[in-house]
Amino acid sequence: MVGNAKNAGKTTVLNYLIKQYQNVAIAITSIGLDGEKIDQVTFLPKPRIFVHEGMLVATAKQCLLECEADYEVLVTTNISTALGPIEIIRITKSGNCLIGGPSTLQAMKDLILDLNNFPCEKILIDGAFSRISLTQVCDATIFCVGAGYSSQIDKVVANAENTINLFQLPKYIEADKINKDTIIKIDNTGKSEALISSSTLDYGKEIISQIDSNTRYLSIPKAVSKSFIEAFINHRNDFKCDLIITSPTHLMVNDQLVKHLFLLKQKIFVLEPTNVVAVTLNPFSPTGYRFSEKEF
């Protein structure tokens, strides 16, 4: 799960899902810290994460000092965090739990492998918009939109619309044939050629200059920089090739550039699509203001 605001919305959603699946073998964790009594940014009270007997929880060792549920430690993993190693526990008596998970994508991948060593039908991950790359390891994503992103409702909605449009970018049909380490161009016959540039950072115009009339696709691995997207948009009438990126999370641009991208005739494809299964709305801001629920 990810959200575009620092608010209680995603924790509320997680608690709802936990309740729905309390009779199913599930595991929960977080990319970061969740379930604390006081928000670490706003210093306001937050909803706790309530876990049920039989559930698996993957959390940092020091977080267990504040765990109000009874549990047994199943394994201490090799995954380190600022709050100690990640431990996988089984809840033996229901109660509130503080969850501190790994903060990197690779560590989360490793943790998922560790969790799969135990009987578990579903793994629920409490995400964060600042770590949106987490969606790459998830089968499904719930996007939590909240008033905490901005006091201007139009700005919140515009950001949500751009993000959802990015999440819905179609998968490139021959994704398995794409080199994910090199910038390449693919011509109308399907032949690929590596470009001289190895990164989009500060090389936007240089990459664009290597596109010719026969180029059908341009594939950019890793991060896609602001300078490249600006050059791609400015020279949109000079070529007809579509763009292939690794995933929506690799596009490092602001809302305005995203909006302009979707106005182009050129299409954008991804190698690793995001499966958004639901969008939730939280009209309340942790700083006190709220939106009209109907308008929001």
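**Exercise 1. Classify F291 as buried or exposed.**

Solution. F291 has a relative accessible area of 8%. Buried means under 20% relative accessible area, exposed means over 50%, and partly exposed lies in between, with a 1.4 Å probe and protein chains only. F291 is therefore buried.

The model is predicted, so local features need pLDDT of at least 70, side-chain atom pairs count only at pLDDT 80 or more, and totals for chains, interfaces and linings use all residues. Residues are numbered from 1 along each chain as its sequence is written, and side-chain values use heavy atoms, with hydrogens and water left out.

**Exercise 2. Assign the ring geometry of F232 with F239, then that of Y289 with F291.**

Solution. Step 1: set the criteria. Rings of Phe, Tyr and Trp (its six-membered ring) pair if their centres lie within 6.5 Å; planes under 30 degrees apart count as stacked, over 60 as edge-to-face and the rest as tilted. The structure holds 8 aromatic pairs.

Step 2: take F232 and F239. Their ring centres are 5.2 Å apart and the planes meet at 45 degrees, so this pair is tilted. F232 is buried at 1% relative accessible area. F239 is buried too, at 6%.

Step 3: take Y289 and F291. Here the centres lie 6.0 Å apart with planes at 45 degrees, so the pair is tilted. Y289 is partly exposed at 26%, while F291 is buried at 8%.

**Exercise 3. Which residues form an aromatic cluster with Y217, and which charged end sits over the ring of Y217?**

Solution. Step 1: Y217 clusters with Y172 and F269. Step 2: the charged end of R216 sits over the Y217 ring, 4.6 Å from its centre. The criterion is NZ of Lys or CZ of Arg within 6 Å of the ring centre and within 35 degrees of the ring normal.

**Exercise 4. Trace the open sheet that contains β6, and find its edges.**

Solution. Step 1: fix the terms. Helices (H or I, at least four residues) and strands (E, at least two) are DSSP runs, numbered from the N terminus. Two strands pair if DSSP finds at least two bridges between them.

Step 2: write the order. The 5 strands run β6-β7-β5-β2-β10, with mixed pairing. β6 (70-81) and β10 (122-126) each have a single partner strand, so one side of each lacks a neighbour in the sheet. Neighbouring strands are turned by 20 degrees against each other on average, direction ignored. Axes are lines fitted to C-alpha atoms, for helices over the stretch in contact, and angles run from 0 to 180 degrees between N-to-C directions.

Step 3: follow β7 (residues 84-93). A hairpin of 2 residues joins β6 to β7. The two strands pair antiparallel over 8 bridges. D70 has K93 as its bridge partner, and V73 has I89. β5 also pairs with β7 in the antiparallel sense, over 5 bridges. There, L56 is bridged to R90.

**Exercise 5. Show where helix α2 lies, and which of its residues are buried.**

Solution. Step 1: α2 (residues 105-115) lies across β2 (26-30), β5 (56-60), β6, β7 and β10, at about 145 degrees to β6. Step 2: its buried residues are A107, M108, L111, I112 and L115. Seen down the helix axis, they fall within an arc of 140 degrees, so they line one face of α2. The arc is that of the directions from the axis to the C-beta atoms. An α-helix has 3.6 residues a turn, so residues three or four places apart point the same way. Step 3: the buried residues of α2 pack against β2, β5, β6, β7 and β10. Contact means heavy atoms within 4.5 Å.

**Exercise 6. Describe the open sheet that contains β16, and the packing of helix α5.**

Solution. Step 1: the 5 strands run β13-β12-β14-β15-β16, and the pairing is mixed. β13 (192-194) and β16 (268-270) are the edges, each with a single partner strand, so one side of each is left without a neighbour in the sheet. The average turn between neighbouring strands is 25 degrees, direction ignored.

Step 2: β15 (residues 242-245) pairs with β16 in the parallel sense over 3 bridges. L243 has I268 of β16 as its bridge partner.

Step 3: α5 (residues 226-234) buries F228, I229, A231, F232 and I233. Those buried residues pack against α4 (204-208), β14 (215-220), β15 and α6 (255-261).

**Exercise 7. How far apart are G288 and N237 in sequence and in space?**

Solution. G288 belongs to the segment after β17 (276-282). G288 is exposed, at 62% relative accessible area. G288 and N237 are 51 residues apart in sequence and 47 Å apart in space, C-alpha to C-alpha.
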